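Okay, thanks for making room for me this morning. I'd like to walk you through a few helices and a few odd backbone angles, so have a look at the slide.

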Amino acid sequence: MTMPERDDRAAGGPVISVIVISYNTRDMTLDCLRSVVAVTRVSHEVIVVDNASSDGSAEAIAAAFPNIRLIASEENLGFAVANNLAAREARGEYVLLLNPDTVVLNRALDKLVAFAQARSDARVWGGRTLYADGSLNATSCWGRMTLWSLFCYALLLNTIWPRVALFNPESYAGWPRDTVREVDIVTGCLLLMKRADWDVLAGFSPVFFMYGEDADLCLRARRVLGARPVITPEAEIIHYGGASEAVRADKMVRLLRAKVTLIRLYFPKVLRPLALWFLNAGVNNRHRAARLGHAVLKRGDAAVWAEIRARRGEWGQGFE
């Protein structure tokens, strides 16, 4: 499909293309889609890619939402490639990435589009995420990795003092996401971009199977487009988090692979060895602290961190 064809089709298309990637989250995905349909008034389409779920997700989505564009993959493509596949089918002026383990609240997508139109210079927009009980889920945005943040990770400072911004800069500690603020990274659980900008960046890098792709996208958007990603507290959703990957060690291995890859892509060459050393030290020190029953880590976590340490050969080289 050529770019002119996509532009012609977009002229009479929806304002936003909502993209949802599902993987063994059937009931949550259905709830997510119901919430989109129920509270979204801005012109939109919904595209779902099911990553070869074994829980009947594709069949259930097709039955409940016959008008939604469903792409049922026969293999698990991963988050990045699946989003890219869906975006190629999108007709909207904007693409909106939405996790399947979310519930859209109070016309959040309408508010996010209105915010994007008012802050067009940002070029990447996000919102505020909550847990099911209404408490803050602070994972809607992140700060980029720096040598300082990795130093704090290595010495467990961000774990000992998680609410202190100085020691936990990647999490924007101490900020309840209740104000409009420019951020380094808008996470892919709720991320809005103009489709034209998505196309310029060629979407997510397929290097990232899962985790890290949104950080890479936002950092490239800054470098290539001059983007200044920003979030608004007006666009609120529930984000349960981690629904498609329940095994903690597996999740951490993927996260560490992503961090290694981001270090190699975005840190100056001279600083990469030190950054990677800090990352390794952080894993070693968490295993040691958990084994000794340190107050900030549960003794039961020792087995998890032991497995993560043992799998260093898997995550230490990053994604291929």
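A bit of vocabulary before I start: helices here are DSSP runs of H or I with at least four residues, numbered from the N terminus. And please keep in mind that this is a predicted model.

Let's start with helix 9. It covers residues 213–225, and just after it, glycine 226 takes a positive phi of about 70 degrees. Does the length of helix 9 make sense? What would you expect its 13 residues to span at 1.5 Å a residue? The expected figure is 18 Å, and the end C-alpha atoms are 17 Å apart, so the two agree.

How many of the 13 residues of helix 9 are buried? Ten of them, so to speak the helix is mostly covered. The buried set includes Glu213, Asp214, Asp216 and Arg220, along with Leu217, Cys218 and Leu219. As for what they pack against, the partners are helix 4, strand 10, strand 11, helix 8 and helix 10.Let me take that last partner, helix 10. The axes of helix 9 and helix 10 come within 11 Å and cross at roughly 15 degrees. Angles under 35 degrees count as roughly parallel, and that makes helix 9 roughly parallel to helix 10. The crossing of this pair is right-handed. On the helix 9 side you have Ala215, Asp216, Leu219, Arg220 and Arg223, and they meet Leu262, Leu265 and Tyr266 of helix 10. Sort the residues of that contact by class and you get five nonpolar, three charged and no polar.

Now helix 10 itself. With 19 residues, helix 10 reaches 27 Å from its first C-alpha to its last, close to the 27 Å expected at 1.5 Å a residue. Its buried residues include Ala249, Met252, Val253, Leu256 and Arg257, and further along Leu262, Ile263 and Tyr266. Those buried residues of helix 10 pack against helix 6, helix 9, helix 11, helix 12 and helix 13.

How do helix 10 and helix 12 cross? Their axes come within 9 Å, at roughly 40 degrees, and the two helices are therefore oblique to each other. This crossing is right-handed. Helix 10 brings Arg248, Ala249, Asp250, Met252 and Leu256 to the contact, and helix 12 brings Asp301, Val304, Trp305, Glu307 and Ile308. By class, that contact has six nonpolar, four charged and no polar residues.

Two single residues in helix 10 are worth a click. One is threonine 261, which sits in helix 10. Is threonine 261 buried or exposed? Its relative accessibility is 7%, so it counts as buried. Leaving out residues up to four places away in sequence, threonine 261 touches Val207, Phe208, Gly318 and Phe319. Its C-alpha is separated by 14 Å from that of alanine 80, 181 residues apart along the chain.

The other is lysine 251, also placed in helix 10. At 29% relative accessibility, lysine 251 counts as partly exposed. If you want a distance to check on screen, lysine 251 and tyrosine 172 are 22 Å apart, C-alpha to C-alpha, with their positions 79 residues apart in sequence.

Back to phi for a minute. Most residues other than glycine have a negative phi. Here are two residues with positive values. Leucine 156 has a phi near 65 degrees. You'll find leucine 156 in the loop between helix 6 and helix 7, and it is buried, with a relative accessible area of 6%.

Then there's alanine 202, where phi is near 60 degrees, again a positive value in a residue other than glycine. Alanine 202 is in the loop between helix 8 and helix 9. Buried or exposed, this alanine 202? At 57% relative accessibility, it counts as exposed.

And alanine 202 has a neighbour to show you. Asparagine 84, in helix 4, touches Trp198, Ala202, Gly203 and Phe204, not counting residues up to four places away in sequence. Asparagine 84 is buried, at 10% relative accessible area.

To recap the helix pairs: helix 9 is roughly parallel to helix 10, while helix 10 and helix 12 are oblique to each other. Okay, that's my tour, over to you.

Methods: Residues numbered from 1 in each chain as written. Predicted model: local features only at pLDDT ≥ 70, side-chain atom pairs only at ≥ 80, totals over all residues. Heavy atoms only, no water. Expected span 1.5 Å × (residues − 1). Buried < 20%, exposed > 50% of the residue type's maximum accessible area, 1.4 Å probe, protein only. Contact = heavy atoms within 4.5 Å. Axes fitted to C-alpha atoms, helices over the stretch in contact; angles between N-to-C directions. Parallel < 35°, antiparallel > 145°, perpendicular 65-115°, else oblique. Left-handed = near helix turned anticlockwise from the far one by under 90°. Nonpolar A, V, L, I, M, F, W, Y, C, P; charged D, E, K, R; others polar.
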